[in-house]
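Please open the structure in a viewer and keep the selection tool at hand. The stops below proceed from charged side chains to a helix and then to aromatic rings.

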Amino acid sequence: MNAITVFEISNESISMVVGYNVDAEKSAIIYDEKRYYEKLFKNDIFLNPENVLSEIKDMIDNAAKKSVVINKQLVFFSLVPTKIIGKETSSITASSSGTDDQTAKITNSDILNLFNMAYNQKVSEPNYKIVEVVRTLYRDDKSHVFYRLPLNEVSKTAEMVYSYYCIPEVTFNAINDLFKLLDIRIRKITLKNIAIFERIKMDSNSPKKYILVDTFKTTTNISFCNLNTIYDYKIIDFGLSNLINEFSLKFGISEEVAKNILFTYGYDPRDYNFKVYVGEYTNKEGKVSKIYQSDVNKSIVNFIKTFTTKLLEIKTSVTSENVNYIFVGVISHVPGIEKFIKDKDTSNIMMFYKNINVAFKNNAQIGPLCVIDMQSMYAEYLNLEKKNNVAEPRFLLNRGE
């Protein structure tokens with residue numbers, strides 16, 4: 001099995017994951033590394049491309065020290081965008097194979113042609129580049145609708161209705177130019193939220209409508225999803241650093257100490273016959289005082305109240321429907337926070353999507369994992385294996401109703 005390498009870059013982190021797809025449900029991870037930074041992007045390009053290049057080189061070297069050598073022909077890139085434009089209900093039509101009404105059938109190459117045409121179309125937004133195409137449905141020349149591949153259907157034409165997603169062209173070029181210096185040709189640039197969305201769509205128990213909430217240190221990215229597309233995307237300036245900073249300032253301790261206490265003890269609502277000691281600090285009078293579990297709980301409660309208020313404001317600005325929430329990202333690193341959110345919000349089903357791969361107990365690498373899980377999506381383009389002779393990415397298929 002050919003292992004693939006996925007690099008993922010957000011405004012505050014760089015990840016490298018090497019692995020391969022085992023089956024439709026999971027992937028095997030050979031190597032992973034993640035590094036955090038203050039800020040990597042400015043005006044849609046790398047703030048310091050030389051530093052980013054040096055960091056990626058160092059990560060590749062670290063993998064090589066453990067006898068993990070990346071295949072430069074199988075490198076993918078997952079971007080956590082600072083800007084994204086999505087368009088729905090675009091359609092494109094291609095002629096099918098055959099010479100007359102009886103022999104004209106929709107073939108594998110017709111489907112691939114539709115995708116190629118979609119990726120190469122001109123977009124109305126100036127200076128933006130299409131990086132993802134997510135199909136909604138197909139139609140034949142009789143207006144029959146297909147939610148799965150209409151292979152071998154008798155039809156003179158094949159139509160695909162789809163959504164496309166764009167990022168600034170300067171970002172697209174900056175990524176490719178960076179990896180060219182490493183003699184690496186990126187096979188595909190995808191978006192982290194698209195990769196997670198497509199992976200969730202594979203699970204039979206996933207909701208048909210939900211809000212995907214991806215938390216970072218300083219921001220939270222919010223994707224509004226239905227069965228077939230991400231129909232809106234928002235970013236709010238609020239993340240886990242708000243919790244860490246508040247706790248740090250409250251007790252006059254360093255952010256690193258605050259982070260360790262919060263991540264070690266988390267939210268624990270259990271009643272004890274004694275105060276649970278978790279740390280200490282020096283007060284204004286110079287006396288050493290203790291920090292208790294109740295202090296941790298109070299800070300987390302305040303953070304979640306503010307966090308959920310901001311989420312609700314964004315949600316109501318986009319939709320009035322009662323939808324599910326799916327949380328990924330660093331918020332799930334705080335022990336007990338999942339239970340607190342579920343206990344406090346009974347109007348919606350809230351879930352933390354972190355069991356994609358049992359090799360990871362948190363979802364810090366959930367984006368690259370989803371790309372690896374979806375490796376078969378790219379099989380046609382990489383000329384690897386063609387499962388069932390189907391060119392269309394497998395994970396673009398609907399689960400069905």
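The tour that follows concerns a predicted model.

**Salt bridges**

The model contains 9 salt bridges. Begin by selecting K188 and E132, whose closest N and O atoms are 3.8 Å apart. This salt bridge joins distant parts of the chain, with K188 in strand β11 and E132 in strand β8, 56 residues apart. K188 is buried, at 12% relative accessibility, and E132 is also buried, at 2%.

Next, select K209 and E321, which form a salt bridge with the closest N and O atoms 2.9 Å apart. K209 lies in the loop between α4 and β12, and E321 in the loop between α7 and β17, 112 residues apart. K209 has a relative accessible area of 41% and is therefore partly exposed; E321, at 36%, is likewise partly exposed.

Proceed to D268 and R270, where the N to O distance of the salt bridge is 2.8 Å. Which of these side chains is buried, and which is exposed? D268 is buried because its relative accessible area, 12%, is under the 20% cut-off. R270 is exposed because its value, 55%, is over 50%. Then select E33, R35, E55 and D58 together: salt bridges with shared partners join these residues into one network.

**Helix α4**

Now select helix α4. How many of its 11 residues are buried? The count is 10, and the helix is mostly covered. Among the buried residues are the charged-type names K192, E198, R199 and K201, together with I194, I196, F197 and I200.

**Aromatic rings**

The structure holds 13 aromatic pairs. Select F238 and F303: the ring centres are 5.3 Å apart and the planes are at 15°, so the pair is stacked. F238 is in the loop between β14 and α5, whereas F303 is in helix α7, 65 residues apart. Both F238 and F303 are buried.

Compare F251 and Y281, an edge-to-face pair with 5.1 Å between the centres and 65° between the planes. F251 belongs to helix α5 and Y281 to strand β15, 30 residues apart. F251 is buried, with a relative accessible area of 6%.

Return to F238 and F303 and add F307, Y325 and F327 to the selection; ring pairs link these five residues into a cluster.

**Charges over rings**

Finally, select K129 and F172. The charged end of K129 sits over the ring of F172, 5.3 Å from the ring centre. The last stop is K275, which lies over the face of Y292 at 5.1 Å from the ring centre.

Methods:
Residues are numbered from 1 along each chain as its sequence is written. This is a predicted model: local features need pLDDT of at least 70, side-chain atom pairs count only at pLDDT 80 or more; totals for chains, interfaces and linings use all residues. Side-chain values use heavy atoms; hydrogens and water are left out. A salt bridge is a side-chain nitrogen of Lys or Arg within 4 Å of a carboxyl oxygen of Asp or Glu. Helices (H or I, at least four residues) and strands (E, at least two) are DSSP runs, numbered from the N terminus. Buried means under 20% relative accessible area, exposed over 50%, partly exposed in between (1.4 Å probe, protein chains only). Rings of Phe, Tyr and Trp (its six-membered ring) pair if their centres lie within 6.5 Å; planes under 30 degrees apart count as stacked, over 60 as edge-to-face and the rest as tilted. A charge sits over a ring if NZ of Lys or CZ of Arg is within 6 Å of the ring centre and within 35 degrees of the ring normal.
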